[in-house]
Amino acid sequence: DSGAGKTSLTELIVHLATHSFTAIKCVADVQCLTAGIVPHHIQSELGNFVVYDFAGQQEYYSSHAAVLEHVMQKSAVMFLCLVDLSKSNASICQSLHYWLSFINNACCSVAIRSHVAIIGSHSDLIESSEEEKGKSSLIQAMAARRIKQQEFAGYLSMDCRQLGDTDASRGLVSMLTNSQSAINTSQPVISYYCHVLYAFLRTKLDVVGCSLQYLTSAITKENDSSLPNDQSVLTEFLTTLSDKGLILLLNHSQ
């Protein structure tokens, strides 16, 4: 799905989380043969969350199922499924069939219902309003048939490459915040101390990886009563953060 606008939309979400509505420049295309998920860590008044950009080509995405499984072990997520409105109806149906099946497989073992939103990108390239309405009806009819294990958050057509304070950008923010609120209220809330520990890991512990002993020593030097320095408690909180997909906690055998 190269050129659909995934990376541009990701950059927009990162921007809107911390800034007001302003136009962004078009993001450069992802290079061919890119394999991997590009994570964007966002800390804002809404809390800590991660946007995963499925950058690269479709043939590599089967390996991403393991990443999704890890992220979704203890938490529901929100999927933003992009389809290129400038493509033919057959191409749109093929793309939606692939991605909605991919999402259904990822969610089959998760107790809490995730949310799925469909974004019709490159709406500025549609020649007539009748054509756009026809494609919108096609997409929503397919969503009604294919989205079964999740909540359908809605459909939105937009130009993902450049956005200011428009109906589409306000609709996107509304869609994201409504789904986030619903997901947060449907699952157990992690403790305040987990948030403090994650903030410490992200902002003050300037390392890519470390041992539990090193981390305990760094917390002791910090002298902050809200940070746990008991290793058993610390391990419990680190396990929670790892289950959320925010860090990777490895045992010695791994």
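The paragraphs below lead through a predicted model, beginning with its sheet and ending with a pair of packed helices and the loop that follows.

A convenient starting point is the open sheet of 3 strands, whose order is E3-E4-E5 and whose pairing is parallel. Strand E3 (78-84) and strand E5 (151-157) are the edge strands, each of them pairing on one side only. Direction ignored, neighbouring strands of this sheet are turned by 20° against each other on average. Between E3 and strand E4 (residues 115-121) the parallel pairing extends over 7 bridges, and the reader can locate this pairing at Leu 80, whose bridge partner in E4 is Ala 117. Helix H3 (residues 89-107) lies across E3 and E4, and runs at about 165° to E3.

From the sheet one can follow the chain into the loop between E4 and helix H4 (129-146), where His 122 is found. The phi angle of His 122 is near 60°, which is a positive value in a residue other than glycine. Because its relative accessible area is 6%, and buried means under 20%, His 122 counts as buried.

Helix H2 (residues 64-71) shows how burial can be distributed around a helix. Its buried residues are His 64, Leu 68 and Val 71, and because these cover an arc of only 65° around the axis, they sit on the same side of H2. The exposed residues Ala 66 and Glu 69 are carried by the face of H2 that is turned away from its buried side.

Further along the chain, two helices pack against one another. Two packed helices are described by the angle between their axes and by the distance between those axes. For helix H6 (residues 192-203) and helix H7 (residues 212-222), the angle is about 100° and the axes are 12 Å apart; since angles of 65 to 115 degrees count as roughly perpendicular, H6 is roughly perpendicular to H7. On the H6 side the contact is made by Leu 197, Phe 200 and Leu 201, and on the H7 side by Leu 215, Ala 218, Ile 219 and Glu 222. Sorted by class, the contact of H6 with H7 comprises 6 nonpolar residues, no polar residues and 1 charged residue.

The loop between H7 and helix H8 (231-243) contains Asn 223, which has a phi near 55°, again a positive value in a residue other than glycine. Is Asn 223 buried or exposed? Its relative accessible area is 70%, and because exposed means over 50%, Asn 223 counts as exposed, whereas His 122 is buried.

Terms used. Residues numbered from 1 in each chain as written. Predicted model: local features only at pLDDT ≥ 70, side-chain atom pairs only at ≥ 80, totals over all residues. Heavy atoms only, no water. Axes fitted to C-alpha atoms, helices over the stretch in contact; angles between N-to-C directions. Helix = DSSP H or I, 4+ residues; strand = E, 2+ residues; numbered from the N terminus. Parallel < 35°, antiparallel > 145°, perpendicular 65-115°, else oblique. Contact = heavy atoms within 4.5 Å. Nonpolar A, V, L, I, M, F, W, Y, C, P; charged D, E, K, R; others polar. Buried < 20%, exposed > 50% of the residue type's maximum accessible area, 1.4 Å probe, protein only. Arc of directions from axis to C-beta. Pairing = 2+ DSSP bridges.
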